[in-house]
2 protein chains.
Amino acid sequence: MAKSTTSLREVLRAPAGEVSLADVDPRSTPSAPGDKDATKLQMTADGAELSTLQEKLYAEGISGGDRRVLLVLQGMDTSGKGGVIKAVAGAVNPQGVTITSFKKPSPEELRHGFLWRVRRAVPGAGMIGVFDRSHYEDVLIGRVRELATPAVIERRYKEIVRFEDQLAAAGVTIVKCMLHVSRWEQKQRLLARLDDSTKRWKFNPGDVDERALWDDYQRAYEIAIERTSTQANPWYVVPADRKWYRNWAVGRLLQEAVTDLAPRFPAADYDVAAQRDRLIDEAD
Amino acid sequence: MAKSTTSLREVLRAPAGEVSLADVDPRSTPSAPGDKDATKLQMTADGAELSTLQEKLYAEGISGGDRRVLLVLQGMDTSGKGGVIKAVAGAVNPQGVTITSFKKPSPEELRHGFLWRVRRAVPGAGMIGVFDRSHYEDVLIGRVRELATPAVIERRYKEIVRFEDQLAAAGVTIVKCMLHVSRWEQKQRLLARLDDSTKRWKFNPGDVDERALWDDYQRAYEIAIERTSTQANPWYVVPADRKWYRNWAVGRLLQEAVTDLAPRFPAADYDVAAQRDRLIDEAD
């Protein structure tokens, strides 16, 4: 069990009690395997390992198991949710992954409770689900932009904890990552989008408006993490100014979680020798 | 336009009129770029090209375009639908791909028309959707196992043609591939699953039962292709005994289809210079 004592999950897990994002340097690279090149190399190896684990988890699901994994990605614009998905989900068989992007709720979604659309997107047995934004938007932009009353926001934290407890009881391992990018780095990335004609579609003038509320968002993240980081479903704060570290770290957090599940290829529930004979003895 | 005159789509397109699968050698490799190694190398290059095209298509979708692509994969057990998905979908950003596996219909699905669950799975704007099995099951196993009356089956062909015409009108480019595996090759693949303890979960004794109906299934495929291969939404018969050919061919068919769409990164719908100034002039 030496591995678990040095797990990245322990290193990046949000502290119990008060959370101060200002105390986490977005440019830091805690427990990185080395520099950029060494970390990218390790990420390839980790991806292969994750791919093997994912196939076993998927096989379990096909054979009646109910375990699955849900990776929740939150972060400010440009923090790299899309980049992480490409890097991490791209390392495994796409058939075993479902990716859900939560955008501004539709009129139909708004007619339901905020968890309604989220419940519908929970990954099926054996799958790895990825949430690109999530139910946390309803206590992040929801809080900052006052899209609901303070009392409603307060209640949502509790609803989220209960919801995630239910998921855990149903066999869902949740890995919640806050991609922690600095305000300065976000500016560089937004400018880069403007400067590259193949990236301008990713830019939205509203992104600049949101920057004026940076501190409010940071505070909303802190409160959300404080209220919803539990023993069973903790938050991880992933320094995200360095893309190579961010991608490796999220992949590693996911890999550690699936490793803990120790999925195994199911044994045959039929007589292998008899089936072999049936095939060999066919008339043709 | 030299490229389009040598397109793989022309080579593999099912003929108008009568279809005879017996006339297509499952071990053949029409228009392959070379031997196994050369073809795999070409597939890597094609995958990079597809990835670029997919990003543009996705960007269009984000920016209000409604075009999308639907890859329909049909074939007997072991024909390699899963392998194709891993190879082809794995080459592009997973965020731009939705994969739907159609299994035996659920009780809820059976309460609706056979296209109900299919309509719900049509890819959104800018996406590449992949169907692992599809509405065609309802005229394949549906016909062979007599799950519906002959009159109902007959009607379904027409409903499928109309449905796919509607999709085409809504901006969906459909690429329908029948992975054509031989009965002999299927036997080898089933035996290989039995002989490998990490693959036994993929084997189902029912697969051997279905082999007894091989000729009926081939006939059902022929009829389905004859009735539903149209100018707008043709079928492609992909020789599938050689996995390297099969994977390359499906990827290439998809790539040709997306190339025809000529997706482009959208121009900015905002004033780039003004937004740049806003960022530069920020107080911080």
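How many salt bridges does the count come to over all chains? I looked this up before anything else, and the count comes to 38. I note here that the model is a predicted one.

**Entry: chain A as a whole**

I went through the secondary structure and found 13 helices and five strands in chain A. I then took the extent of the C-alpha trace, which spans about 75 × 45 × 45 Å along its principal axes. The radius of gyration of chain A is 21 Å, which agrees with the value near 19 Å for a compact globule of 284 residues. I also looked up burial: 51% of the 284 residues in chain A are buried.

**Entry: D77(A) and R133(A)**

I picked out one salt bridge in chain A, where the side chains of D77(A) and R133(A) meet at 2.9 Å, N to O. D77(A) sits in the loop between β1 (68-75) and α4 (81-89), and R133(A) in the loop between β3 (128-132) and α7 (137-144). The two residues are 56 residues apart, so I wrote the pair down as a link between distant parts of the chain. I checked accessibility next. D77(A) has 22% relative accessibility and counts as partly exposed. R133(A), at 21%, is also partly exposed.

**Entry: E154(A) and R227(A)**

Where do E154(A) and R227(A) lie? I first noted that they form a salt bridge, with the closest N and O atoms 2.7 Å apart. E154(A) lies in helix α8 (residues 150-169) and R227(A) in helix α11 (residues 214-228), so the pair ties together parts that are 73 residues apart in sequence. E154(A) is partly exposed at 31%, and R227(A) is partly exposed at 38%.

**Entry: D260(B) and R9(B)**

I moved to chain B and found a salt bridge between the side chains of D260(B) and R9(B), at 2.9 Å, N to O. D260(B) is in helix α12 (residues 243-261) and R9(B) in helix α2 (residues 8-12), 251 residues apart. Is each partner buried or exposed? D260(B) counts as exposed, at 53% relative accessibility. R9(B) is buried because its relative accessible area is 15%, under the 20% cut-off. In chain A, I found R9(A), E256(A) and D260(A) joined into one network by salt bridges that share partners.

**Entry: a positive patch**

Which residues form a positive surface patch? I listed K36(A), K40(A), K86(A), K202(A) and K243(A). I followed up one of them, K40(A), which is found in helix α3 (residues 36-62) of chain A. K40(A) counts as partly exposed, at 47% relative accessibility.

Definitions and conventions: Residues numbered from 1 in each chain as written. Chains lettered and ligands numbered in written order. Predicted model: local features only at pLDDT ≥ 70, side-chain atom pairs only at ≥ 80, totals over all residues. Heavy atoms only, no water. Patch = residues over 30% accessible without salt bridge, like charges linked within 9 Å, V, L, I, M, F, W, Y side chains within 5 Å. Areas by Shrake-Rupley, 256 points an atom, 1.4 Å probe, with all protein chains shown as cover. Salt bridge = Lys/Arg side-chain N within 4 Å of Asp/Glu carboxyl O. Lys, Arg positive; Asp, Glu negative; His and termini not counted. Charge placed at Lys NZ, Arg CZ, Asp CG, Glu CD. Helix = DSSP H or I, 4+ residues; strand = E, 2+ residues; numbered from the N terminus. Buried < 20%, exposed > 50% of the residue type's maximum accessible area, 1.4 Å probe, protein only. Rg over C-alpha atoms; globule rule 2.2 N^0.38 Å.
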